[in-house]
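Student: Please show the model together with its sequence. A discussion by question and answer can then follow.

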Amino acid sequence: MDWKGYTVIYVVLFVFATAQAVVEFAGLVDSAYWAAFGLIMVLSVIKAVGVAAYYQHLRWEPRAVTYLVLGGTVAALALTGAAAYSIL
Amino acid sequence: MSQEHEHGLPPKSSVSRWFLTTNHKDIGVLYLITALFFLVFGGVLALLFRLELISPGADLLGSMGYNQAVSTHGLLMVFWFISPFAFGFANYLVPLQIGADDLAFPRLNALSYWLYLFSGILMGVSFFQGTTFAGGWTMYAPLNTPAYIPGEGLGATSVVLALIMFTAAVTLGSVNFLTTMYRMRAEGLRMRDIPIFSLSINLTVWMMLFAFAALLAALMILASDHILGTTYFQYSIDGTTMATDADNPGASLLWAHLFWFFGHPEVYIVFFPALGVMAECFQTFTGRRLVGRKWFIISMVLVALQSFVVWMHHMFLTGINLPIKTIFMATTIGISLPFDLMVFSLIYTMAKGRVRFTTPFLFSLGALILFIIGGITGVFLGAIVLDYQFRGTYWVVAHFHYVMVAGATALFGGLYYWYPKITGKMYNETLGKIQFGVYFLGFNLLYFPMFIAWETPRRVFVYPDGLQIWHSMATVGGFILGASFLLMFYNLFVSLWRGEDVGPNPWEYATSAEWAVSSPPSLENFPGVPSYATGKLEFLDDETVAERTERTPGAAAHGHAATDGGTATDGGAVTARTAVTATAMETAHEVGGEDHASHASFWPFLVSLGGFIAFLGLSGVRTGSVFYLSIAAVGSLTMFGSLVGMTREPFHAPEMAIAERWPFSEVEKMKLGMWTFLASDIVLFGAFIGSYAFVRVAYGWTAWHHDLIPAEHVTMPGLINTYLLLTSSFLVVLAMVAAERESKRGTVAALVGTFALGVGFLINKGIEWNHLFHISTETFPNGWNLSTNIASSTFYLTTGLHGAHVIIGLIICAYMTVRAWNGAYQGDDRAIEYFGLYWHFVDIVWLFLFPLFYIL
């Protein structure tokens, strides 16, 4: 990828970060907390995938590297999800 | 042998060799000896409290002495003995079995060992800091926090720090082994074909990579509670009784979740190498390939995966809900099924072969029998209703000793099995068999009465008088078991001088690659470049390697072979004729001039020594003692200086010219090492964020923000830091582009920009923290600091861990900027790319911390 491609990704990341803050500044967190929660976390996930795919070049690496990363992510999510569910 | 031929290492007779070595076989030997020392350490503690238990009362050690002995016995045996003992074999044998000349990162391997040794020394020092940790090896909250530890509790803090150091060693080791096994297998050696011991180690390190990261998170949080005053695991004192703190209702359960998410895979981390040893010994001493080898491997893979979804069966008596208990009962009972298959595979291998009852086989068979008993009694504990009765009793103690010490039993078999390979001498077989008899008798006399006396409450020194006879028997058994080790040590020590010399393969049917080379093997391991391309082990000379490299640059041929227990096509029967497929000693020579580069390094020792001193200092800084503060500073400086020295030291460990590298053939070893480390770091941060989510759910997710966080904690500092980090990530990729284009000015400018933005991030954070520390409102009249409440603890510690990652990144960035200024990286951007992988990861973590801690 050349510098132009990296720049496009950077602009998208910047806009998404701003959008997350705008969600709060617009009062959505107070008026519709779980909708705001979902929106903000989805934006974070998109940003994270963008950084991993393009800046860390996962898109061009063998799939096994992605599986390695997903392995750690799934382990962390399993711990968080199951632990939180256990006290609901 | 000259130092030049020994890769700059002094001879083995020199003490300095053992401080300088980075060779996997030397380090394997160091691990084995050190682990045996910790076996004796933990064993003596066990004998002390067994003596105490002859009668129900603390009349020998005293109550605190008993608690310390029991707790540290468990910690020493689980952490400092069993796994490191297995990894002594792994260090020595995995490169030999897969056809590599060493591990992928030899200095990192040495660093792992020294961190392990010094972590054990720190554990030992803790006994001299008043009292050591006395809250049980599971370190349940809140007994693991300073408020509930008698006296100053510095020894307990040292134990927590020692465990962190140990975990760091394990993580480095996991990264090293995985990179080695995926980048350095001999040509033609498919993953499924590597010898079963190495395969068991492969699965073990996968589990270690993720499980120990969760433990590291738990320990770092606990250390923070000890040293910095955060309140993750604290309960408040309600008058004279313990009470759940209304501000932190999840405290105790959080520890249990984090610990057992690590703790249950740890059972298999301990047992898998033992299974590998058992499988190797069963094959060799029955003359049969493992029956159902493919299914044996599939079963191990299933257990490795499933091990991460059974941990809550350790928590059936806590307040977790019934649906989750039911799910975890099902997964727990389910995990016994693949084990059944493995057990039957071993039994059937024995039934189909001709058994030779050598010492290694006796230990392996003994381990199998003990494991069957341990496994069956464990299923009882997986059933919720039975667990209500058995939890906290000696049933649990007996069960897990039948599992864990069964694993150790197999490993002792492994010690006899590979002793001739490691030393070039044969042990005394008769004495070995006698030792097995004494060991097996002592083991069962020690642990079986515990099943009968199961109503004895665990971890305490009082029990009903009627059970005294069983405890007396157990104590006698303990001393018999201990005495058996005297026989083993005598046998192995004397055999070093009096033992018969052995050739490459003293066992008739041993077939894995370590038996194809001399005993002990040469420093380079093999007399040429190993290859299985033709279906059997061959050693290639320089010319052949050069030809194949030209033909398929960077790739391996596609042949494959069974590497243990016979060939893939012989139906499982092994003959002595085919046992060792090649020796080829006459072709002994070096491959490539680079191999003569020095492999001696003193820095791993010094880094670990610095770490030890720094951690010892940290254990006492909360007292404000000048002594502890001083040594913390000295240790930190030593460690940092040594790390810089290690970075600047020329050390060349080239990639193999031809190797089997599926599924990472396109991923250079440094990059693979970095990705593997990052996978572990994902779990570390995941566990921190998971802890935050857990305590917030326990408190009440939406009430959290209103009750516990001041209005002064606003979004803007987080948003500014997001912009700073995103821009710094962008500059790192621009530095790569500039380096590719050989623009020195562009590379330096982009790296300087990255550094400046990182510093800006930290300054912004510092300003924000300073403001929050000093706010004075009606709800928070004394500021909002680390100890104010659970919300402040999670905020400062999680973002602090992230900040520490930023600082480490900045140090690397500064170093690379200087190098770029001097002309490095032009036309070769790989180093910047690897740094970028880390830096972007730090960025990604912030992308989640920002909304969780600043918006939601």
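## Salt bridges, chain contact and domains

Tutor: Asp828(B) is partly exposed, with a relative accessible area of 33%; buried means under 20%, exposed over 50% and partly exposed in between, computed with a 1.4 Å probe on protein chains only. The model is predicted: local features need pLDDT of at least 70, side-chain atom pairs count only at pLDDT 80 or more, and totals for chains, interfaces and linings use all residues, while side-chain values use heavy atoms, with hydrogens and water left out. Residues are numbered from 1 along each chain as its sequence is written, and chains are lettered from A and ligands numbered from 1 in the order in which they are written.

Student: With which residue does Arg830(B) form a salt bridge?

Tutor: A salt bridge requires a side-chain nitrogen of Lys or Arg within 4 Å of a carboxyl oxygen of Asp or Glu. Arg830(B) is partly exposed at 41% relative accessible area. With the closest N and O atoms 3.1 Å apart, the salt-bridge partner of Arg830(B) is Asp828(B).

Student: How many salt bridges does the structure hold over all chains, and how many are counted between chain B and chain A?

Tutor: Over all chains the structure holds 11 salt bridges. Between chain B and chain A, the count is 1.

Student: How far apart are the closest N and O atoms of the salt bridge of Glu61(A) with Lys671(B)?

Tutor: The closest N and O atoms of Glu61(A) and Lys671(B) are 2.6 Å apart. This pair crosses between chains: Glu61(A) lies in the loop between helix 3 (33-55) and helix 4 (63-86) of chain A, and Lys671(B) in helix 19 (residues 669-699) of chain B, where helices are DSSP runs of H or I with at least four residues, strands are runs of E with at least two, and both are numbered from the N terminus. Both partners are buried, Glu61(A) at 9% relative accessible area and Lys671(B) at 10%. The separation asked for is thus 2.6 Å.

Student: Which residue is linked with Glu61(A) and Lys671(B) in a network of salt bridges?

Tutor: The pair Glu61(A) and Lys671(B) forms one salt bridge of this network. The further residue linked with them is Glu833(B).

Student: How many residues apart in sequence are the parts that Glu655(B) and Arg183(B) tie together?

Tutor: Glu655(B) and Arg183(B) form a salt bridge with the closest N and O atoms 3.2 Å apart. Because Glu655(B) lies in the loop between helix 18 (626-648) and helix 19 of chain B and Arg183(B) in helix 5 (residues 154-183) of chain B, the pair joins parts separated in sequence by 472 residues.

Student: Which helix of chain B gives the most residues to the side that touches chain A?

Tutor: The contact, meaning heavy atoms within 4.5 Å, takes 62 residues from chain B and 49 residues from chain A. Buried area is the accessible area (1.4 Å probe) that two parts lose on being put together, summed over both; between chain B and chain A this area is about 4,800 Å², with 79% from carbon and sulfur atoms. At least two residues each come from several helices of chain B, including helix 6 (196-227), helix 7 (251-286) and helix 24 (830-855). With 15 residues, the helix that gives the most is helix 19.

Student: What area is buried between domain 1 of chain B and domain 3 of chain B?

Tutor: Domain bounds come from an automatic or database domain assignment, which for chain B gives domain 1 (25-501), domain 2 (513-596) and domain 3 (701-856). The centres of domain 1 and domain 3 of chain B, taken over C-alpha atoms, are 39 Å apart, and 10 residues of domain 1 are in contact with 10 residues of domain 3. Across this interface the rule finds 0 salt bridges. The area buried between the two domains is about 820 Å².

Student: With which residues is Ser224(B) in contact, leaving aside its neighbours within four places in sequence?

Tutor: Ser224(B) lies in helix 6 of chain B. Ser224(B) is buried, its relative accessible area being 3%. Apart from neighbours within four places in sequence, the residues in contact with Ser224(B) are Gly229(B), Thr230(B) and Leu797(B).
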